[in-house]
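Reader: I am new to this structure and would like a close look at one part of it, the salt bridges, with enough of the surroundings to see where they sit. Could you take me through them slowly?

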Amino acid sequence: MVAKRNSRNLRYRRRPKLKLRGFNNLTKTLSFNIYDVCYAKRPQARKEYLEYIDEEYNSERLVRILTEVADIIGANILNISSQDYDPMGASVTILIAEEPVDPKPEQVLAHLDKSHLCVHTYPETDSKSGVSTFRVDIDVSTCGKISPLKALNHLIESFESDIVVIDYKVRGFTRDVKGRKHFMDHRLRSIQQYIKKRILARYQCVDINIYQENLFHTKMRLKDLDLDQYLFAINAEDIPEAEQQHIRTVLEQEITEIFYSKHIF
């Protein structure tokens with residue numbers, strides 16, 4: 001028994017740290033699509049929902065979220081660019097570096113030197129079904145030793161995430177002191193292994209991974225459809241049972257089609 005336990009400890013012991021010839025040139029990119037789904041049948045309710053969500057996730061709050069991401073992954077911020085749009089939506093781009101750098105005051109963010117964080121929001125509504133959706137697209141791209149995977153839980157919890165679609169890819173290579181190329185510098189079986197168990201417990205998850213290409217994909221949707229969490233400006237108890245069932249059907253259709261990226265119903 002002792003020999004087995006020691007063997008198991010050796011099996012899960014961390015690999016020796018790579019000794020690199022120079023800078024770690026691997027590029028690691030984490031891409032998110034996060035959806036918040038809401039039911040607001042009346043035109044005024046839809047208008048108020050879009051106004052609410054646009055203000056709730058304006059550029060100022062998005063800057064705060066991405067600044068927290070930079071701190072979590074251990075990146076240094078070089079520059080921040082943000083914009084709120086009319087009639088709705090916002091974008092933020094943050095230029096980051098692994099090591100401290102003196103940023104140029106005239107830095108142009110369109111030239112994404114080093115790594116970057118960016119977020120874009122897309123509120124929209126469907127007058128026919130009464131369903132409104134709020135989509136957030138987030139990219140966390142790093143190079144060097146810092147990993148965007150550390151920011152997974154913070155990003156999921158920073159938004160009202162009914163559906164989460166995550167892509168992670170590693171590109172390029174880095175060389176060790178012996179000249180051998182390394183196309184991956186960390187072990188990864190699934191994106192889910194970096195998500196807290198208490199978060200995973202709330203979601204139905206699907207994985208599609210292409211290990212030989214260092215491509216990882218995870219989709220998540222909430223397991224429970226608590227109607228009160230999807231209604232805007234009204235409570236479920238104030239709606240007749242038959243209408244409640246209709247709303248559940250409409251929401252289920254919307255969530256399922258977004259989750260599978262296809263028309264199903």
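**The salt bridges and their surroundings**

Author: In this model, which is predicted, a good place to begin is D185, which is partly exposed, with a relative accessible area of 23%. The side chain of D185 meets that of K28 in a salt bridge, with 3.0 Å from N to O. D185 belongs to the loop between β8 (181-182) and α5 (197-200), while K28 belongs to strand β1 (residues 27-39), so this pair ties together parts that are 157 residues apart in sequence. Unlike D185, which is partly exposed, K28 counts as buried, because its relative accessibility is 1% and the cut-off for buried is under 20%.

The pair of D185 and K28 is joined by a salt bridge, and a search of the whole structure finds 6 salt bridges. Another one links the side chains of R198 and E157, at 2.8 Å from N to O. Here R198 lies in helix α5 and E157 in helix α4 (residues 152-158), so the pair ties together parts that are 41 residues apart in sequence. R198 counts as exposed, at 51% relative accessibility, whereas E157 is partly exposed, with a relative accessible area of 40%.

A further salt bridge is formed by R135 and D137, whose closest N and O atoms are 3.0 Å apart. R135 is partly exposed, with a relative accessible area of 26%, and D137 is buried, with a relative accessible area of 16%.

From D137 the chain leads on to the nonpolar interior. I138 is among the residues with the most contacts inside the largest nonpolar core, which has 47 residues; F32, L117 and I166 are others in that group. Helix α3 (residues 59-73) gives the most to this core, with 7 residues. If neighbours within four places in sequence are set aside, the residues in contact with I138 include L30, F32 and I34, as well as L66, C118, V119, L155 and F159. As a general matter, nonpolar side chains in soluble globular proteins tend to be buried together.

One more feature completes the surroundings, a hairpin. Strand β9 (residues 203-210) and strand β10 (residues 215-222) run antiparallel and are joined by 8 bridges, and Q204 has R221 in β10 as its bridge partner. Between the two strands of this hairpin there are 4 residues, and N214 takes a positive phi near 55°.

Conventions
Residues are numbered from 1 along each chain as its sequence is written. This is a predicted model: local features need pLDDT of at least 70, side-chain atom pairs count only at pLDDT 80 or more; totals for chains, interfaces and linings use all residues. Side-chain values use heavy atoms; hydrogens and water are left out. A nonpolar core is a set of buried Ala, Val, Leu, Ile, Met, Phe, Trp, Tyr and Cys residues joined through side-chain atoms within 4.5 Å. Buried means under 20% relative accessible area, exposed over 50%, partly exposed in between (1.4 Å probe, protein chains only). Contact means heavy atoms within 4.5 Å. Two strands pair if DSSP finds at least two bridges between them. A salt bridge is a side-chain nitrogen of Lys or Arg within 4 Å of a carboxyl oxygen of Asp or Glu.
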